[in-house]
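The briefing below is meant to be read alongside the sequence and the coordinates. Its topics are strand pairing, surface, charged pairs and cysteines.

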Amino acid sequence: MGETFAIKILSRAAGKRVREGEIVFIEPDYILTHDNSAAIIGKFESTVPGGKVKYPGRLAIVLDHVTPAASSKHAEGHKKVREFVREQGITNFFDIGVGVCHQVMPEMGMVKPGSIVVGSDSHTCTYGAFNCFATGIDRTEAAGIWITGRTWFKVPETINIELTGSFGAGVSAKELILTIIGEVGAGGANYMAVEFNGPAVGGLRMSDRMTIANMGIEMGAKIAAFPANILTSKYFEVLHMDVSGAIWSDHDADFARTLMYDLTNIVPVIACPHQVDNVVPVEEMVGMKIDQIFLGTCTNGRIEDLKAAADVLRGEKIHPGVRMLVGPASRQEYLKAIKMGVLQDLVEAGAVVLPPGCGPCLGAHQGALAPGEKCLSTANRNFKGRMGEKEAEIYLSSPETAAASALKGEIRDPREVLR
């Protein structure tokens with residue numbers, strides 16, 4: 001019987017053949033932290049007063065969650081991080097405005113095929129799009145890795161998801177992953193690796209793969225990964241990076257479960273409050289009034305997402321009863337959207353463009369909701385209180401659905417607009 005991606009990559013990192021369920025200790029290639037670095041610094045300094053991080057070159061710190069600082073408390077945290085970066089000689093530091101950490105990491109070449117990356121953010125699993133074993137950890141574990149340079153994993157079992165067919169008009173990768181989560185359930189892949197295989201994988205853009213991998217955690221997955229192919233190689237050619245470390249499962253790998261999805265059968269869907277797996281077809285929600293639309297985040301804030309929305313809104317006006325916020329995933333994506341005229345289309349339609357960052361997604365600032373309001377968001381979570389108000393409701397959709405809904409101020413099926 002062949003081996004899965006998780007077994008192969010952890011075996012290589014551990015220097016021995018590992019098996020599912022085994023505990024292995026490894027040294028990750030990179031450890032990511034963001035604004036929560038301030039709290040991690042406190043744990044680090046209380047454990048090793050005056051100490052130095054073991055591998056400063058493996059640390060990546062991105063300020064993105066509350067940027068620019070929304071209060072003096074946040075500003076103080078940012079200041080603490082900047083001082084620590086200087087003291088420790090950490091070169092992979094990205095201050096406010098560079099972008100959301102999960103977009104910045106691959107842009108800056110800190111993610112590559114066959115690598116292992118951990119981060120103090122649950123959506124670190126995004127890098128599985130690049131054939132990377134990537135997963136989230138907590139703050140205490142992050143401090144431990146700063147000190148020792150290593151961590152442990154239990155080798156996960158693997159769910160194989162076979163993809164065939166191609167998307168129809170108005171349907172995108174967001175629909176696919178929401179459909180999968182709706183069927184598998186929020187805890188259906190707890191501490192398991194999820195592999196995406198099948199002939200349709202080759203037709204998925206890197207942005208599509210990032211959207212899908214990003215939400216692996218929403219079904220409990222430890223990692224969500226894709227094989228490397230020609231599109232992966234082209235992505236890293238631009239960065240002048242070697243992709244020879246790419247690795248993938250054997251054709252006869254032993255999977256715990258195999259699921260089949262024909263992209264041709266995927267339809268526009270929405271995740272309703274207050275769980276990501278509460279997924280229904282958009283057509284069942286048509287006509288529901290919404291107060292705010294949020295386009296962006298590490299899930300759907302790339303140029304492909306912004307352009308998909310702009311293609312719907314170009315020459316049109318957003319309904320006066322709804323406000324639309326746009327948050328590009330990074331400075332690079334922001335600049336692409338400017339050069340392509342995408343932001344002009346969105347702004348002329350009535351959208352408000354925010355700095356690259358996470359703010360509205362976690363309810364930190366720049367777009368908090370009022371009690372009783374409804375938000376249609378392209379983010380990855382719709383938990384109660386997620387956007388700053390427990391009495392508000394968050395619905396998750398694709399950029400196409402968000403843009404189509406902006407025209408009427410109520411949920412609308414994008415296929416009506418894109419036929």
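In this predicted model, strand E1 (residues 23–26) and strand E7 (residues 151–154) pair in the antiparallel sense over 4 bridges. Within that pairing, Ile26 has Thr151 of E7 as its bridge partner. The points that follow start with these two strands and then turn to a parallel sheet, the salt bridges and the cysteines.

**Strand E1 and the surface beside it**

- In a regular strand the side chains alternate between the two faces of the sheet.
- Strand E1 shows this alternation, since Val24 and Ile26 point to one face and are buried, whereas Ile23 and Phe25 point to the other face and are not buried.
- Ile23 and Phe25, together with Trp152, make a nonpolar surface patch of about 320 Å².
- Trp152 belongs to strand E7, the antiparallel partner of E1, and with a relative accessibility of 44% Trp152 counts as partly exposed.

**The parallel sheet**

- An open sheet is formed by 4 strands in the order E10-E9-E8-E11, and the pairing in this sheet is parallel.
- Strand E10 (223–225) and strand E11 (257–262) stand at the edges with a single partner strand each, so one side of each is left without a neighbour in the sheet.
- From one strand to the next, the twist averages 20°.
- Strand E8 (residues 158–164) and E11 run parallel and are joined by 6 bridges, and the bridge partner of Thr164 in E11 is Asp262.

**Salt bridges**

- A search of the whole structure returns 18 salt bridges, among them the pairs described here.
- Glu22 meets the side chain of Lys16 in a salt bridge with an N to O distance of 2.9 Å, and Glu22 also forms a salt bridge with Arg19, where the closest N and O atoms are 3.6 Å apart.
- The surroundings of these three residues can be compared through their accessibility: Glu22 counts as buried at 13%, Lys16 is partly exposed at 43%, and Arg19 is exposed at 55%.
- The side chains of Asp345 and Arg314 meet in a salt bridge at 2.8 Å, N to O.
- This pair links distant parts of the chain, 31 residues apart, with Asp345 in helix H12 (residues 342–349) and Arg314 in the loop between helix H10 (303–313) and strand E15 (323–327).
- Asp345 counts as buried at 14% relative accessibility, while Arg314 counts as partly exposed at 41%.
- Both residues also belong to a network of salt bridges that links Lys307, Asp311, Arg314 and Asp345.

**Cysteines**

- The search of the whole structure finds 0 disulfides.
- Cys125 is in no disulfide, and the nearest cysteine sulfur, that of Cys298, lies 8.6 Å away; Cys125 is itself buried, with a relative accessible area of 2%.
- For Cys272, the closest cysteine sulfur is that of Cys375, at 13 Å, which is too far for a bond, because a disulfide requires the two sulfur atoms to be within 2.5 Å.
- Cys272 is buried as well, with a relative accessible area of 8%.

Terms used. Residues numbered from 1 in each chain as written. Predicted model: local features only at pLDDT ≥ 70, side-chain atom pairs only at ≥ 80, totals over all residues. Heavy atoms only, no water. Buried < 20%, exposed > 50% of the residue type's maximum accessible area, 1.4 Å probe, protein only. Pairing = 2+ DSSP bridges. Salt bridge = Lys/Arg side-chain N within 4 Å of Asp/Glu carboxyl O. Patch = residues over 30% accessible without salt bridge, like charges linked within 9 Å, V, L, I, M, F, W, Y side chains within 5 Å. Areas by Shrake-Rupley, 256 points an atom, 1.4 Å probe, with all protein chains shown as cover. Axes fitted to C-alpha atoms, helices over the stretch in contact; angles between N-to-C directions.
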